[in-house]
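Colleague: Please put up the sequence and the coordinates. I would then like to go through the model place by place.

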Amino acid sequence: MASATARAHPNIAFIKYWGNQDSSLRIPVNSSLSMNLDGLFTETTVEWNPQFVSDVVEINHQPASDLASRRVIQHLNQIRQRYSVTDFAQVRSSNNFPMGAGIASSASSFAALTLAATKAAGLDLPERELSSIARLGSGSASRSIPSGFVEWHAGYDHESSYAESFALSDHWNLVDVVAVVSQSHKTTGSTEGHQSAETSDLQSARVAGAEDRLKACKSAILDRDFTTFAEVVERDSNLMHAVMMTSRPPLFYWLPTSLVIMQKVREWRDSGLHVCYTLDAGPNVHCLCLLPDSAQVAAALKSIDGVSEVRIAAAGAGAHLIS
Ligand code: PMV
């Protein structure tokens, strides 16, 4: 019997991942950039035991749904096959943020699962390899393995597609103030969404410019240049949503309140606040701002009709073991 417990944070992408070159290996069509979100985390314990007769998965102290179990077991199968592990496992995972709060938990879940499962199997994998393995569970999970500000290199095969840190979490006092607009689960998940990306006429244009946007965004972060950062982050998010809306079938993730917030954020920036927006595959608006402006942004967001909750997270650590 061997067990290990790991903790990982979700991440917010500044340059988005949308669409795969290889969907079974989750190798993306473009490289992406993100920041881990401090304060929010998934903690996962994995125990491999030769006496277990099947895998058992528990999420938030309840037996996992069939769908969630299947996805976790698929990931355990990848680890079993790649590292010749023969036992079944018990997986116990919990989030310190509600699953319905509109903050995607798949990145933190698969990052924590990867670290706990490999460690419990007696493996001591380098960060780069952990990131590639986490990617097989959920693409964005590759970015929750390294610390702070992270780049996921798209690559061309399993080994070359991995994420690494390019600045530590204390490099810049950037804060994500998340305006929760809807607590309901999204109708089309990202796994399905990635597959429809290429049905949009706009995807090739989005992908063609992704490397330039990534370079501009990375330099802006390294130079702590908020003005350039804000422009490129909003443009990249808008491009991804333009692709989503023009896919077949179309995917509209924004709600009316999302648009109200996006317009407000631009007004606030024009009036001198350091704030910009980005949205993932859902209606919640991630308002990225500098720490001194975050309290004012949070208060203003709370006063908007349709905002049910506001969560604040600074740049966070990478996946790590809990003793
Ligand atoms: O890792 P996935 O399959 O949940 O995809 C994440 C997709 C976005 O959140 C919309 C963008 C991103 O880069 O995180």
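**Thr-114 and helix α3**

Colleague: At what distance does a polar contact join the side chains of Thr-114 and His-75?

Modeller: This is a predicted model, in which local features need pLDDT of at least 70 and side-chain atom pairs count only at pLDDT 80 or more, while totals for chains, interfaces and linings use all residues. Residues are numbered from 1 along each chain as its sequence is written, and side-chain values use heavy atoms, with hydrogens and water left out. A polar contact is a pair of N or O atoms within 3.5 Å (within protein, one must be able to donate a hydrogen and the other to accept it, and residues adjacent in sequence count only if both atoms are side-chain atoms). The side chains of Thr-114 and His-75 meet this at 2.9 Å.

Colleague: Is Thr-114 buried or exposed?

Modeller: Thr-114 sits in helix α2; helices are DSSP runs of H or I with at least four residues, strands are runs of E with at least two, and both are numbered from the N terminus. Beyond four places in sequence, Thr-114 is in contact (heavy atoms within 4.5 Å) with His-75, Ile-79, Leu-130, Ile-133 and Ala-134. The scale runs from buried (under 20% relative accessible area) through partly exposed to exposed (over 50%), with a 1.4 Å probe and protein chains only. Because its relative accessibility is 0%, Thr-114 is buried.

Colleague: How many of the eleven residues of helix α3 are buried?

Modeller: The buried residues of α3 are Leu-130, Ser-131, Ser-132, Ile-133, Ala-134, Arg-135, Leu-136 and Gly-137. Their cover includes β4 (27-28), α1 (66-83), α2 (106-120), β10 (149-153) and β11 (162-167). Helix α3 (residues 127-137) is largely enclosed by the rest of the structure, because its buried residues number eight.

**The ligand and the domains**

Colleague: What share of the ligand's accessible area does the protein cover?

Modeller: Residues count as surrounding the ligand if a heavy atom lies within 4 Å of it; there are 14 of them, and the closest are Tyr-17, Ser-140, Arg-143, Ser-190 and His-194. A side-chain N or O atom of Ser-140 is 2.6 Å from an oxygen atom of the ligand, a backbone N or O atom of Tyr-17 is 2.9 Å from a ligand oxygen atom, and a polar backbone atom of Gly-139 is 3.4 Å from one. Of the 380 Å² of accessible area that the ligand has on its own (Shrake-Rupley method, 1.4 Å probe), the protein covers 95%.

Colleague: Which domains supply at least three residues each to the shell around the ligand?

Modeller: The chain is divided into residues 2-170 and 174-314, with bounds from an automatic or database domain assignment. The C-alpha centres of the two domains lie 23 Å apart, and their contact takes 33 residues from domain 1 and 45 residues from domain 2. At least three shell residues come from each of domain 1 and domain 2.

**Helix α6 and the loops**

Colleague: Is His-241 buried or exposed?

Modeller: His-241 belongs to helix α6 (residues 226-245). Apart from neighbours within four places in sequence, His-241 is in contact with Tyr-253, Trp-254, Leu-279 and Asp-280. Because its relative accessibility is 1%, His-241 counts as buried.

Colleague: How far apart in space are Thr-228 and Arg-82?

Modeller: Thr-228 is also found in helix α6, and at a relative accessible area of 32% Thr-228 is partly exposed. Neighbours within four places aside, Thr-228 is in contact with Ala-216 and Ala-220. In sequence, Thr-228 and Arg-82 are 146 residues apart; in space, C-alpha to C-alpha, the figure is 42 Å.

Colleague: What is the omega of the peptide bond from Arg-248 to Pro-249?

Modeller: Pro-249 is placed in the loop between α6 and α7 (256-270). The bond from Arg-248 to Pro-249 is cis, and its omega is near -5°.

Colleague: What phi does Asn-60 have?

Modeller: Arg-26, in the loop between β3 (20-22) and β4, is not a glycine yet has a positive phi of about 50°; Arg-26 is buried, with a relative accessible area of 12%. Asn-60 lies in the loop between β7 (56-59) and β8 (62-63) and is partly exposed at 25%. Asn-60 is not a glycine either, and its phi is positive, at about 50°.
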